[in-house]
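Reader: I have a structure open and would like to talk it through with you. Shall we begin?

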Amino acid sequence: MLLSTLGTNFAKSDFSNVITKSLSQNGYYKFPDGLLIQWGYFSGGTANNQSINFPLSFKSCFSLAFSSTTDNTNNSIWSVNYAAIYASYFTVYRRYADAGTIANSSQSFRWIAIGTWK
């Protein structure tokens, strides 16, 4: 589009050329204003204080949420809680409880994190 009689052009206000993203199972969406949303799936091990790497490092991560599903045929409870959040990873505790047992869990889970990259 011609902006003036001097022949200058202006850029469209389209951020498609500055947004970076990875829409995979463990992915991210990095916005030009500094917002970073990341997500993933974890299914390894049963150890407490397990480390999970973010696809990209945050400058600051201010929200982390989990979801998981399981066949709950024995009225058991599965939980995922974070122990700590760092710029490039977070650590979790996974527990299992039913009427007679409390133990570490191997239940897989999905996570989503929101923060900033700049």
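Author: Gladly! One definition before we start: a polar contact is a pair of N or O atoms within 3.5 Å, where, within protein, one must be able to donate a hydrogen and the other to accept it. Please also keep in mind that this is a predicted model.

Reader: Thanks! Which backbone oxygen does the side chain of Arg94 reach at 2.9 Å?

Author: Arg94 lies in strand E7, which spans residues 89-97. A polar atom of its side chain lies 2.7 Å from the backbone oxygen of Gly44. The contact at 2.9 Å that you ask about is with the backbone oxygen of Gln107.

Reader: How far away is the nearest side chain of opposite charge to Arg94?

Author: A salt bridge needs a side-chain nitrogen of Lys or Arg within 4 Å of a carboxyl oxygen of Asp or Glu. Arg94 is buried and has no salt bridge. The nearest side chain of opposite charge belongs to Asp98, and the distance is 17 Å.

Reader: Let's step back to the whole chain. How many strands does the protein have?

Author: Read along the sequence, the pattern is β-β-β-β-β-β-β-β-β. The secondary structure comes to zero helices, and the number of strands is nine.

Reader: Which strands stand at the edges of the open sheet of five strands?

Author: The order in this open sheet is E1-E2-E3-E9-E5, with antiparallel pairing. Each edge strand has a single partner strand, so one side of each is left without a neighbour in the sheet. Those edge strands are E1 (20-22) and E5 (60-67).

Reader: And by how many degrees are neighbouring strands of this sheet turned against each other on average?

Author: The order E1-E2-E3-E9-E5 tells us which strands are neighbours. With direction ignored, the average turn between neighbouring strands is 15 degrees.

Reader: Which residue in E9 is the bridge partner of Ser67?

Author: E5 and strand E9 (residues 109-116) pair in the antiparallel sense, over seven bridges. In E9, the partner of Ser67 is Arg110.

Reader: Now for the interior. Which strand supplies the largest share of the largest nonpolar core?

Author: The largest nonpolar core has 14 residues, and Ile52, Phe54, Phe90, Phe109, Trp111 and Ala113 have the most contacts inside it. Strand E3 (35-42), E5, E7 and E9 each supply at least two of its residues. The largest share, three residues, comes from E9.

Reader: Which residues along strand E4 point to one face and are buried?

Author: In a regular strand the side chains alternate between the two faces of the sheet. Strand E4 (residues 50-53) shows such alternation: Ser51 and Asn53 point to one face and are not buried. The buried residues, pointing to the other face, are Gln50 and Ile52.

Reader: What is the bridge partner of Gln50 in E7?

Author: E4 and E7 run antiparallel and are joined by four bridges. The partner of Gln50 in E7 is Val92.

Reader: E7 keeps coming up! How many residues lie between E6 and E7 in their hairpin?

Author: E6 and E7 run antiparallel, with eight bridges joining them. One of these links Ile85 to its partner in E7, Phe90. The two strands form a hairpin, and the number of residues between them is three.

Reader: Is Cys61 buried or exposed?

Author: Cys61 is found in strand E5. The cut-off for buried is under 20% relative accessible area. Cys61 has 18% relative accessibility, so this residue counts as buried.

Reader: What is the relative accessible area of Asn74?

Author: Asn74 lies in the loop between E5 and strand E6 (77-85). Buried means under 20% and exposed over 50%, with partly exposed in between. Asn74 falls in the partly exposed class, with a value of 38%.

Reader: One last stop, at Ser24. Which residue has its backbone oxygen 2.9 Å from a polar atom of the side chain of Ser24?

Author: You will find Ser24 in the loop between E1 and strand E2 (27-30). Ser24 is partly exposed, with a relative accessible area of 37%. Trp39 is 15 residues apart from Ser24 in sequence and 9.0 Å apart in space, C-alpha to C-alpha. The backbone oxygen at 2.9 Å from the Ser24 side chain belongs to Asn26.

Terms used. Residues numbered from 1 in each chain as written. Predicted model: local features only at pLDDT ≥ 70, side-chain atom pairs only at ≥ 80, totals over all residues. Heavy atoms only, no water. Buried < 20%, exposed > 50% of the residue type's maximum accessible area, 1.4 Å probe, protein only. Lys, Arg positive; Asp, Glu negative; His and termini not counted. Pairing = 2+ DSSP bridges. Axes fitted to C-alpha atoms, helices over the stretch in contact; angles between N-to-C directions. Core = buried A, V, L, I, M, F, W, Y, C linked by side-chain atoms within 4.5 Å.
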